[in-house]
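Hi everyone, thanks for coming. Today I'd like to walk you through some side-chain contacts, so have a look at this one with me.

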Amino acid sequence: MKRILAIDGGGIRGIVPGLVLASLEEKLQRRSQNPNARLADYFDFVAGTSTGGILTCLYLCPMVDNPQQARFSAREAVELYVANGGSIFHVSLWKRITSWSGLSDEKHDAGELERLLELYFGQIRLSQLLKPCFIPAYDIQSRTEFFFTQHEAQQRGNRYDFLIKDVCRATSAAPTYFEAALTPALDGVLYPLIDGGIFMNNPTLGAYSEVSNAIGKPSAEDMFIVSLGTGTANRAYAYKQAKNWGKIKWIKPVIDIMMSGASATTSYHLKKIFSAIDRSNQYVRIQPKDLGNASSDFDDATPGNIAALIALGQRTAEEYNEQLNYIADVLLGLDTDLIQFA
């Protein structure tokens with residue numbers, strides 16, 4: 001059985017799946033009686049888009065002096081957002097004026113995000129992550145999807161290997177929020193990349209496809225998938241207002257609809273895949289039922305909204321407590337054989 005974790009994009013809303021996964025990790029620690037247990041010990045493959053890609057790298061990041069052990073706990077990983085969200089998404093008055101609040105230039109300076117990624121990951125490479133992973137971005141020059149994969153980085157050398165800080169910067173380069181990332185592979189080739197959420201905000205189907213092509217060609221029957229969303233507002237847009245919108249007014253709604261719609265569609269198809277083989281219990285989707293008092297904006301990192309997102313993450317963990325107990329039982333009861341990729 002191949003155990004797969006997948007995490008959606010959603011900017012600062014990454015706090016929500018981050019706290020749910022912290023709860024799961026703590027259940028695993030208690031049940032295994034191992035306070036040092038980490039998510040990377042129990043999942044064979046991890047996928048994440050944008051903020052989910054950053055969480056993926058945090059969970060799989062090795063310790064410098066012990067490259068077989070995860071460096072960060074799930075609780076420490078989510079702290080990147082809680083403690084630093086305000087500085088990552090800070091907008092100076094000058095930036096707000098010169099960018100027209102994101103209409104004529106990116107809304108946020110990526111400098112603080114890049115500083116934090118350097119602090120957390122340093123010179124650690126994609127090939128050094130603890131488990132196989134899948135992190136999407138999009139190449140705006142070649143107009144093709146772009147996938148960062150640990151297994152290819154290990155097997156195919158510097159052309160497919162990248163510094164983790166550059167992987168995270170690329171997958172989270174959301175249009176209008178951060179400038180596109182010029183991402184160097186370790187062989188020196190540069191790739192102009194933007195946020196993978198524009199076409200794959202929910203990376204679960206991508207993870208399923210990657211694992212299906214592993215040695216032995218595992219089928220859905222051989223997989224256990226845990227997929228986490230960052231919540232969606234399902235905001236209604238009135239026809240009378242929207243029918244006459246132009247480019248400027250459609251920018252924000254299109255991004256919202258595109259990302260939430262892509263996530264929901266992926267989940268719909270995964271449910272169908274596992275239902276068709278009578279294995280519905282091998283696909284678990286955890287998505288907040290509503291945002292409560294939290295904002296749906298990807299970049300609302302005000303103290304009040306971070307507090308609301310923390311409350312939402314805690315509430316989601318409580319609402320899905322039964323499912324989290326089930327996930328912990330499955331993870332603790334399965335073998336620990338790693339996926340082997342051709």
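Let's start in helix α5, residues 111–121, where R115 and E112 sit three residues apart, which means about one helical turn separates them. When I say helix or strand, I mean DSSP runs numbered from the N terminus: H or I with at least four residues for a helix, E with at least two for a strand. The side chains of these two, R115 and E112, meet in a salt bridge, 2.7 Å from N to O. That term stands for a side-chain nitrogen of Lys or Arg within 4 Å of a carboxyl oxygen of Asp or Glu. As for cover, R115 is partly exposed at 44% relative accessible area, and E112 is partly exposed too, at 22%. For those words, buried is under 20% relative accessible area, exposed is over 50%, and partly exposed is in between, with a 1.4 Å probe and protein chains only.

A quick word on what we're looking at: this is a predicted model, where local features need pLDDT of at least 70 and side-chain atom pairs count only at pLDDT 80 or more, while totals for chains, interfaces and linings use all residues. Residues are numbered from 1 along each chain as its sequence is written, and side-chain values use heavy atoms, with hydrogens and water left out.

Back to the charges. How many salt bridges does the structure hold? Eleven. Another one joins R125 and D161, with the closest N and O atoms 3.8 Å apart. R125 is in the loop between α5 and β3 (133–139) and D161 is in the loop between α6 and α7, so this pair ties together parts that are 36 residues apart in sequence. Is D161 buried or exposed? It's buried, at 4% relative accessible area, whereas R125 is partly exposed at 33%.

Then there's R315 with E319, whose closest N and O atoms are 3.5 Å apart. They're four residues apart in helix α12, residues 303–319, so again that's about one helical turn. Salt bridges with shared partners join R315, E319 and D290 into one network.

Now the rings. The structure holds 14 aromatic pairs. Rings of Phe, Tyr and Trp (its six-membered ring) pair if their centres lie within 6.5 Å; planes under 30 degrees apart are stacked, over 60 edge-to-face, and the rest tilted. Take F146 and F162: their centres are 5.8 Å apart with 80° between the planes, an edge-to-face pair. F146 belongs to strand β4 (residues 144–149) and F162 to the loop between α6 (150–156) and α7 (164–171), so parts 16 residues apart in sequence get tied together. Both F146 and F162 are buried.

What about F147 and F199? Their ring centres are 6.1 Å apart and their planes are at 50°, so we call that pair tilted. It links distant parts of the chain, 52 residues apart, with F147 in strand β4 and F199 in helix α8, residues 197–200. F147 is partly exposed at 30%, and F199 is partly exposed at 31%. Ring pairs also link F147 and F199 with F134 and Y138 into a cluster.

One last contact: K289 lies over the face of Y320, 4.5 Å from the ring centre. The rule there is NZ of Lys or CZ of Arg within 6 Å of the ring centre and within 35 degrees of the ring normal. That's my tour, thanks!
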